[in-house]
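Me: I would like the terms used for this model checked against their cut-offs. Please go through them one at a time.

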Amino acid sequence: MKEIVLTGAGGPEMLLVAEVEAPEPGRGEVRVRVEASGVSFAEVQMLRRRYPMQPRFPFVPGYDLVGTVDAVGPGVTGVAVGDRVAAMPRTGAWRSRAVVRASSVVPVPAELDAGVAVAAVTNGVTAWQMLHQVARVRPGQTVLVHGASGGVGSLLTRLAVLAGARVIGTASSAKHDLVRELGGEPVDYRAADVPAAVRALAPAGVDAVFDHVGGPSLVESYSLLADGGIVISYGSASTLRDEGHWLTPYLGAARRVAGWQLARLLGRGRRRRATFYYVKPGPRFTQALTEVYRLMSAGDLTASIATRLPLEKADEALRQLVDGRASGKIVLEV
Ligand SMILES: NC(=O)c1ccc[n+]([C@@H]2O[C@H](COP(=O)([O-])OP(=O)(O)OC[C@H]3O[C@@H](n4cnc5c(N)ncnc54)[C@H](OP(=O)(O)O)[C@@H]3O)[C@@H](O)[C@H]2O)c1
(Lines give C-alpha, C1' and ligand atoms only; values in the text may rest on other atoms or scores of the structure.)
Protein backbone atom coordinates (compact mmCIF):
# COMPACT_ATOMS: atom_id res chain seq x y z
CA MET A 1 0.00 0.00 0.00
CA LYS A 2 1.00 3.65 -0.41
CA GLU A 3 1.44 6.30 2.22
CA ILE A 4 2.60 9.91 2.19
CA VAL A 5 5.33 10.75 4.69
CA LEU A 6 6.03 14.27 5.96
CA THR A 7 9.78 14.06 6.50
CA GLY A 8 10.47 17.43 8.13
CA ALA A 9 9.62 21.12 8.29
CA GLY A 10 9.77 23.13 5.08
CA GLY A 11 7.69 23.23 1.90
CA PRO A 12 5.60 20.60 0.08
CA GLU A 13 8.87 19.06 -1.22
CA MET A 14 9.22 17.53 2.28
CA LEU A 15 6.49 15.00 1.37
CA LEU A 16 7.56 11.54 0.12
CA VAL A 17 5.48 8.71 -1.36
CA ALA A 18 6.34 5.38 0.34
CA GLU A 19 5.35 1.75 -0.45
CA VAL A 20 4.78 -0.25 2.76
CA GLU A 21 3.05 -3.42 4.03
CA ALA A 22 -0.62 -2.90 4.87
CA PRO A 23 -1.01 -2.73 8.70
CA GLU A 24 -3.20 -5.27 10.54
CA PRO A 25 -5.88 -3.90 12.88
CA GLY A 26 -5.29 -4.58 16.60
CA ARG A 27 -7.87 -5.06 19.37
CA GLY A 28 -10.76 -2.62 18.98
CA GLU A 29 -9.47 -1.39 15.61
CA VAL A 30 -10.59 -1.62 11.99
CA ARG A 31 -8.66 -1.22 8.76
CA VAL A 32 -10.20 1.06 6.13
CA ARG A 33 -9.53 0.92 2.40
CA VAL A 34 -9.40 4.67 1.88
CA GLU A 35 -11.43 6.22 -0.96
CA ALA A 36 -10.69 9.87 -0.17
CA SER A 37 -8.86 11.94 2.44
CA GLY A 38 -8.93 15.66 3.06
CA VAL A 39 -6.21 18.30 2.74
CA SER A 40 -6.53 20.94 5.44
CA PHE A 41 -4.91 24.05 6.87
CA ALA A 42 -3.68 21.84 9.75
CA GLU A 43 -1.21 20.16 7.37
CA VAL A 44 0.08 23.57 6.23
CA GLN A 45 0.67 24.42 9.89
CA MET A 46 2.32 21.01 10.50
CA LEU A 47 4.65 21.62 7.57
CA ARG A 48 5.80 24.79 9.35
CA ARG A 49 5.91 23.06 12.75
CA ARG A 50 3.14 25.39 13.96
CA TYR A 51 0.30 22.94 14.67
CA PRO A 52 -0.49 22.49 18.38
CA MET A 53 1.11 19.25 19.69
CA GLN A 54 1.85 17.71 16.28
CA PRO A 55 3.85 14.42 16.13
CA ARG A 56 7.62 14.43 15.62
CA PHE A 57 8.86 14.13 12.01
CA PRO A 58 8.68 11.83 10.10
CA PHE A 59 4.96 11.01 10.21
CA VAL A 60 2.03 10.38 7.87
CA PRO A 61 -0.31 13.41 7.85
CA GLY A 62 -4.00 13.42 6.89
CA TYR A 63 -6.77 14.68 9.19
CA ASP A 64 -9.80 12.78 7.91
CA LEU A 65 -10.84 9.96 5.59
CA VAL A 66 -13.76 8.13 4.00
CA GLY A 67 -13.52 4.51 2.86
CA THR A 68 -14.67 0.93 3.28
CA VAL A 69 -13.75 -1.36 6.17
CA ASP A 70 -11.66 -4.26 4.81
CA ALA A 71 -10.43 -5.91 8.04
CA VAL A 72 -11.66 -5.99 11.63
CA GLY A 73 -9.52 -6.55 14.74
CA PRO A 74 -10.43 -8.68 17.78
CA GLY A 75 -13.14 -7.39 20.10
CA VAL A 76 -14.83 -5.13 17.54
CA THR A 77 -18.62 -4.98 17.61
CA GLY A 78 -20.96 -2.83 15.57
CA VAL A 79 -18.60 -2.39 12.59
CA ALA A 80 -18.14 -5.05 9.87
CA VAL A 81 -16.10 -5.66 6.72
CA GLY A 82 -17.81 -3.81 3.85
CA ASP A 83 -19.15 -0.92 5.96
CA ARG A 84 -18.61 2.53 4.42
CA VAL A 85 -17.26 4.82 7.12
CA ALA A 86 -15.69 8.19 7.90
CA ALA A 87 -13.06 8.90 10.58
CA MET A 88 -10.97 11.80 11.86
CA PRO A 89 -7.63 10.38 13.09
CA ARG A 90 -6.01 13.91 12.81
CA THR A 91 -2.84 12.36 11.34
CA GLY A 92 -2.34 9.16 9.34
CA ALA A 93 -5.19 9.48 6.82
CA TRP A 94 -2.96 9.99 3.74
CA ARG A 95 -2.67 6.23 3.17
CA SER A 96 -4.39 3.76 0.88
CA ARG A 97 -5.14 1.56 3.96
CA ALA A 98 -5.55 3.17 7.40
CA VAL A 99 -6.10 1.57 10.82
CA VAL A 100 -8.46 3.51 13.13
CA ARG A 101 -10.37 2.88 16.40
CA ALA A 102 -13.64 1.06 15.60
CA SER A 103 -15.43 3.28 18.15
CA SER A 104 -14.40 6.40 16.20
CA VAL A 105 -15.94 5.57 12.82
CA VAL A 106 -19.21 7.07 11.55
CA PRO A 107 -21.39 5.44 8.85
CA VAL A 108 -21.41 7.23 5.47
CA PRO A 109 -24.59 7.05 3.34
CA ALA A 110 -23.99 5.06 0.14
CA GLU A 111 -25.32 7.86 -2.10
CA LEU A 112 -22.68 10.39 -0.97
CA ASP A 113 -19.63 10.85 -3.17
CA ALA A 114 -16.44 10.05 -1.18
CA GLY A 115 -14.88 13.48 -1.88
CA VAL A 116 -17.97 15.39 -0.76
CA ALA A 117 -18.34 13.12 2.28
CA VAL A 118 -14.72 13.63 3.36
CA ALA A 119 -14.98 17.41 2.92
CA ALA A 120 -17.70 17.33 5.59
CA VAL A 121 -15.88 15.27 8.23
CA THR A 122 -13.73 17.75 10.18
CA ASN A 123 -15.18 20.88 8.60
CA GLY A 124 -18.83 19.79 8.80
CA VAL A 125 -18.62 18.75 12.45
CA THR A 126 -16.71 21.94 13.32
CA ALA A 127 -19.35 24.10 11.62
CA TRP A 128 -22.33 22.18 13.01
CA GLN A 129 -21.08 22.04 16.61
CA MET A 130 -19.99 25.70 16.72
CA LEU A 131 -23.33 26.82 15.32
CA HIS A 132 -25.74 24.55 17.20
CA GLN A 133 -23.92 23.49 20.37
CA VAL A 134 -21.68 26.48 21.18
CA ALA A 135 -23.34 29.62 19.75
CA ARG A 136 -26.83 28.04 19.69
CA VAL A 137 -27.87 30.35 16.87
CA ARG A 138 -31.63 30.99 16.62
CA PRO A 139 -33.84 32.13 13.71
CA GLY A 140 -33.70 35.89 13.17
CA GLN A 141 -30.20 36.31 14.62
CA THR A 142 -27.32 37.87 12.65
CA VAL A 143 -23.93 36.15 12.54
CA LEU A 144 -20.51 37.05 11.12
CA VAL A 145 -18.62 34.19 9.46
CA HIS A 146 -14.97 34.94 8.69
CA GLY A 147 -13.60 33.12 5.64
CA ALA A 148 -17.15 32.37 4.45
CA SER A 149 -15.90 30.85 1.17
CA GLY A 150 -13.51 28.42 2.89
CA GLY A 151 -14.02 24.80 3.93
CA VAL A 152 -15.47 25.45 7.40
CA GLY A 153 -16.81 28.91 6.52
CA SER A 154 -18.92 27.80 3.54
CA LEU A 155 -20.55 25.01 5.57
CA LEU A 156 -21.12 27.41 8.48
CA THR A 157 -22.72 29.96 6.15
CA ARG A 158 -25.09 27.40 4.65
CA LEU A 159 -25.96 25.83 8.04
CA ALA A 160 -26.60 29.26 9.60
CA VAL A 161 -28.90 30.21 6.70
CA LEU A 162 -30.73 26.86 7.13
CA ALA A 163 -31.10 27.72 10.84
CA GLY A 164 -32.85 30.97 9.88
CA ALA A 165 -29.98 33.38 10.60
CA ARG A 166 -28.78 36.34 8.56
CA VAL A 167 -25.12 35.78 7.59
CA ILE A 168 -22.45 38.39 6.91
CA GLY A 169 -19.40 36.61 5.49
CA THR A 170 -15.86 37.89 4.94
CA ALA A 171 -14.04 36.61 1.84
CA SER A 172 -11.68 37.88 -0.86
CA SER A 173 -13.60 39.59 -3.67
CA ALA A 174 -13.11 36.76 -6.20
CA LYS A 175 -15.18 34.51 -3.91
CA HIS A 176 -18.10 36.88 -3.24
CA ASP A 177 -20.41 35.15 -5.72
CA LEU A 178 -19.92 31.89 -3.83
CA VAL A 179 -20.81 33.60 -0.51
CA ARG A 180 -23.98 35.03 -2.12
CA GLU A 181 -24.91 31.60 -3.55
CA LEU A 182 -24.65 30.19 -0.03
CA GLY A 183 -27.06 32.87 1.19
CA GLY A 184 -24.55 35.23 2.85
CA GLU A 185 -23.76 38.95 2.43
CA PRO A 186 -20.07 39.24 1.47
CA VAL A 187 -17.52 41.71 2.88
CA ASP A 188 -14.07 41.93 1.30
CA TYR A 189 -11.59 41.38 4.14
CA ARG A 190 -8.66 42.50 1.97
CA ALA A 191 -10.05 45.81 0.71
CA ALA A 192 -12.54 46.94 3.34
CA ASP A 193 -12.25 48.16 6.91
CA VAL A 194 -14.00 44.99 8.10
CA PRO A 195 -15.42 46.34 11.42
CA ALA A 196 -16.78 49.45 9.66
CA ALA A 197 -18.32 47.39 6.83
CA VAL A 198 -19.96 44.99 9.32
CA ARG A 199 -21.29 47.88 11.46
CA ALA A 200 -22.80 49.44 8.34
CA LEU A 201 -24.68 46.19 7.66
CA ALA A 202 -25.57 45.45 11.29
CA PRO A 203 -25.55 48.70 13.32
CA ALA A 204 -26.78 46.94 16.51
CA GLY A 205 -23.96 44.39 16.33
CA VAL A 206 -24.00 40.68 15.54
CA ASP A 207 -25.12 37.81 17.75
CA ALA A 208 -22.20 35.51 16.96
CA VAL A 209 -18.79 35.75 15.28
CA PHE A 210 -16.90 32.67 14.08
CA ASP A 211 -13.23 33.65 13.97
CA HIS A 212 -10.46 31.45 12.54
CA VAL A 213 -8.21 34.44 11.83
CA GLY A 214 -6.94 35.17 15.37
CA GLY A 215 -4.47 37.95 16.28
CA PRO A 216 -5.98 41.46 16.03
CA SER A 217 -9.09 40.04 14.28
CA LEU A 218 -10.23 38.46 17.56
CA VAL A 219 -10.40 41.88 19.27
CA GLU A 220 -12.34 43.32 16.32
CA SER A 221 -14.70 40.34 16.37
CA TYR A 222 -15.48 40.87 20.07
CA SER A 223 -16.06 44.60 19.46
CA LEU A 224 -18.70 43.75 16.81
CA LEU A 225 -20.89 41.74 19.22
CA ALA A 226 -24.38 42.85 20.17
CA ASP A 227 -25.30 42.61 23.87
CA GLY A 228 -25.27 38.93 24.89
CA GLY A 229 -23.41 37.90 21.70
CA ILE A 230 -20.64 35.30 21.47
CA VAL A 231 -17.30 35.17 19.66
CA ILE A 232 -15.91 31.70 18.98
CA SER A 233 -12.17 31.50 18.28
CA TYR A 234 -11.34 28.32 16.37
CA GLY A 235 -8.09 29.07 14.55
CA SER A 236 -5.14 31.38 14.19
CA ALA A 237 -4.66 31.62 10.41
CA SER A 238 -3.18 35.14 10.56
CA THR A 239 -0.24 34.00 12.73
CA LEU A 240 0.97 31.21 10.38
CA ARG A 241 4.02 33.20 9.33
CA ASP A 242 4.87 34.46 12.85
CA GLU A 243 8.35 33.65 14.14
CA GLY A 244 8.80 32.24 17.65
CA HIS A 245 7.06 29.43 19.52
CA TRP A 246 3.78 28.11 18.04
CA LEU A 247 2.12 28.49 21.45
CA THR A 248 2.66 32.28 21.69
CA PRO A 249 -0.41 33.39 19.64
CA TYR A 250 -2.63 30.91 21.50
CA LEU A 251 -1.45 32.26 24.88
CA GLY A 252 -2.23 35.81 23.67
CA ALA A 253 -5.73 34.73 22.62
CA ALA A 254 -6.26 32.87 25.93
CA ARG A 255 -5.32 36.00 27.92
CA ARG A 256 -7.81 38.11 25.92
CA VAL A 257 -10.61 35.57 26.29
CA ALA A 258 -9.93 35.27 30.05
CA GLY A 259 -10.12 39.09 30.35
CA TRP A 260 -13.49 39.18 28.56
CA GLN A 261 -14.80 36.32 30.72
CA LEU A 262 -13.76 38.25 33.84
CA ALA A 263 -15.49 41.39 32.55
CA ARG A 264 -18.64 39.33 32.03
CA LEU A 265 -18.45 37.91 35.58
CA LEU A 266 -18.06 41.45 36.93
CA GLY A 267 -21.14 42.53 34.95
CA ARG A 268 -19.08 44.85 32.71
CA GLY A 269 -19.12 42.99 29.40
CA ARG A 270 -22.71 43.67 28.20
CA ARG A 271 -23.23 39.89 28.71
CA ARG A 272 -20.93 39.24 25.73
CA ARG A 273 -19.13 35.86 25.73
CA ALA A 274 -15.90 34.59 24.19
CA THR A 275 -14.76 30.98 23.91
CA PHE A 276 -12.51 28.56 22.04
CA TYR A 277 -13.60 25.60 19.96
CA TYR A 278 -11.58 22.49 19.08
CA VAL A 279 -13.10 19.51 17.22
CA LYS A 280 -12.77 16.16 19.07
CA PRO A 281 -13.80 12.59 18.21
CA GLY A 282 -16.39 10.95 20.49
CA PRO A 283 -20.16 10.46 20.73
CA ARG A 284 -20.94 14.15 20.07
CA PHE A 285 -18.73 14.05 16.96
CA THR A 286 -20.64 10.99 15.70
CA GLN A 287 -23.98 12.70 16.39
CA ALA A 288 -22.94 15.90 14.56
CA LEU A 289 -21.48 14.13 11.50
CA THR A 290 -24.57 11.90 11.25
CA GLU A 291 -26.75 15.04 11.22
CA VAL A 292 -24.50 16.71 8.60
CA TYR A 293 -24.72 13.60 6.38
CA ARG A 294 -28.51 13.55 6.84
CA LEU A 295 -28.69 17.15 5.53
CA MET A 296 -26.39 16.26 2.63
CA SER A 297 -28.41 13.18 1.67
CA ALA A 298 -31.57 15.31 1.74
CA GLY A 299 -29.93 17.80 -0.67
CA ASP A 300 -30.00 20.69 1.84
CA LEU A 301 -26.25 20.93 2.28
CA THR A 302 -23.18 20.22 0.20
CA ALA A 303 -19.46 20.77 0.48
CA SER A 304 -17.73 22.37 -2.47
CA ILE A 305 -14.68 20.59 -3.84
CA ALA A 306 -11.86 22.75 -5.21
CA THR A 307 -9.76 19.94 -6.69
CA ARG A 308 -9.50 16.18 -6.62
CA LEU A 309 -5.95 14.86 -6.90
CA PRO A 310 -4.50 11.35 -6.60
CA LEU A 311 -2.94 10.54 -3.20
CA GLU A 312 0.54 10.61 -4.77
CA LYS A 313 0.01 14.31 -5.62
CA ALA A 314 -0.26 15.38 -1.96
CA ASP A 315 2.64 17.82 -2.51
CA GLU A 316 0.73 19.56 -5.32
CA ALA A 317 -2.39 19.63 -3.12
CA LEU A 318 -0.50 21.41 -0.32
CA ARG A 319 1.04 23.84 -2.83
CA GLN A 320 -2.44 24.81 -4.03
CA LEU A 321 -3.66 25.27 -0.45
CA VAL A 322 -0.65 27.42 0.52
CA ASP A 323 -1.14 29.59 -2.60
CA GLY A 324 -4.77 30.29 -1.61
CA ARG A 325 -5.87 29.39 -5.16
CA ALA A 326 -8.39 26.80 -4.01
CA SER A 327 -12.05 27.64 -3.47
CA GLY A 328 -13.50 24.73 -1.53
CA LYS A 329 -11.93 21.54 -0.22
CA ILE A 330 -8.89 19.89 -1.79
CA VAL A 331 -9.40 16.13 -1.75
CA LEU A 332 -6.91 13.29 -2.26
CA GLU A 333 -8.40 10.23 -3.94
CA VAL A 334 -6.97 6.75 -3.73
N1 LIG B 1 -10.71 24.48 15.99
C2 LIG B 1 -11.02 23.45 15.22
O3 LIG B 1 -11.43 22.41 15.70
C4 LIG B 1 -10.87 23.59 13.73
C5 LIG B 1 -11.41 22.61 12.88
C6 LIG B 1 -11.28 22.79 11.50
C7 LIG B 1 -10.61 23.89 11.00
N8 LIG B 1 -10.07 24.79 11.88
C9 LIG B 1 -9.37 26.00 11.39
O10 LIG B 1 -10.28 26.69 10.56
C11 LIG B 1 -9.56 27.45 9.64
C12 LIG B 1 -10.19 27.29 8.27
O13 LIG B 1 -10.00 25.97 7.82
P14 LIG B 1 -10.52 25.59 6.39
O15 LIG B 1 -10.20 24.16 6.17
O16 LIG B 1 -11.91 26.06 6.23
O17 LIG B 1 -9.53 26.47 5.50
P18 LIG B 1 -9.73 27.05 4.04
O19 LIG B 1 -10.66 26.21 3.24
O20 LIG B 1 -8.35 27.32 3.52
O21 LIG B 1 -10.48 28.42 4.28
C22 LIG B 1 -9.87 29.48 4.94
C23 LIG B 1 -10.58 30.75 4.49
O24 LIG B 1 -10.09 31.82 5.28
C25 LIG B 1 -10.14 32.97 4.50
N26 LIG B 1 -9.22 33.95 5.09
C27 LIG B 1 -7.89 33.95 5.11
N28 LIG B 1 -7.44 35.04 5.78
C29 LIG B 1 -8.53 35.71 6.19
C30 LIG B 1 -8.76 36.91 6.90
N31 LIG B 1 -7.73 37.66 7.34
N32 LIG B 1 -10.02 37.31 7.16
C33 LIG B 1 -11.06 36.57 6.72
N34 LIG B 1 -10.92 35.42 6.02
C35 LIG B 1 -9.68 35.01 5.77
C36 LIG B 1 -9.80 32.54 3.10
O37 LIG B 1 -10.55 33.35 2.27
P38 LIG B 1 -10.15 33.68 0.75
O39 LIG B 1 -9.87 32.37 0.09
O40 LIG B 1 -11.33 34.37 0.22
O41 LIG B 1 -8.90 34.54 0.83
C42 LIG B 1 -10.31 31.10 3.05
O43 LIG B 1 -11.54 31.01 2.37
C44 LIG B 1 -8.10 27.03 9.74
O45 LIG B 1 -7.41 28.01 10.47
C46 LIG B 1 -8.18 25.74 10.51
O47 LIG B 1 -7.02 25.50 11.25
C48 LIG B 1 -10.20 24.67 13.21
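The exchange below covers the ligand site, the two domains and two backbone features.

Reply: This is a predicted model, in which local features need pLDDT of at least 70 and side-chain atom pairs count only at pLDDT 80 or more, while totals for chains, interfaces and linings use all residues. Residues are numbered from 1 along each chain as its sequence is written, and side-chain values use heavy atoms, with hydrogens and water left out.

Me: Which residues come nearest to the ligand?
Reply: The shell has 22 residues, of which Val152, Ser172, Lys175, Tyr189 and Val279 come nearest. A residue is counted as near if one of its heavy atoms lies within 4 Å of the molecule.

Me: Why is the approach of Val279 to the ligand called a polar contact?
Reply: A polar contact is a pair of N or O atoms within 3.5 Å; within protein, one must be able to donate a hydrogen and the other to accept it, and residues adjacent in sequence count only if both atoms are side-chain atoms. A backbone N or O atom of Val279 is 2.7 Å from a ligand oxygen, so the pair meets the cut-off. Gly147 has a backbone N or O atom 3.4 Å from a ligand nitrogen, and a polar backbone atom of Gly150 lies 3.3 Å from a ligand oxygen. The protein covers 81% of the 930 Å² of accessible area that the ligand has on its own; such areas come from the Shrake-Rupley method with a 1.4 Å probe, and for residues only the protein chains shown count as cover.

Me: Which helix gives the most to the shell around the ligand?
Reply: H3 does, with three residues. Helix H1 (41–47), helix H3 (122–134), helix H4 (151–162) and strand S9 (166–171) each supply at least two. Helices (H or I, at least four residues) and strands (E, at least two) are DSSP runs, numbered from the N terminus.

Me: How do you know that domain 1 and domain 2 are in contact?
Reply: Contact means heavy atoms within 4.5 Å. By that criterion 20 residues of domain 1 touch 19 of domain 2, so the two are in contact. The bounds, from an automatic or database assignment, are 2–120 + 303–333 for domain 1 and 122–276 for domain 2.

Me: Where does Pro58 lie, and what kind of peptide bond joins Phe57 and Pro58?
Reply: The bond is cis, with omega about -5°. Pro58 is in the loop between H1 and strand S4 (65–72). Arg49 lies in the loop between H1 and S4, and its phi is near 60°, a positive value in a residue other than glycine.
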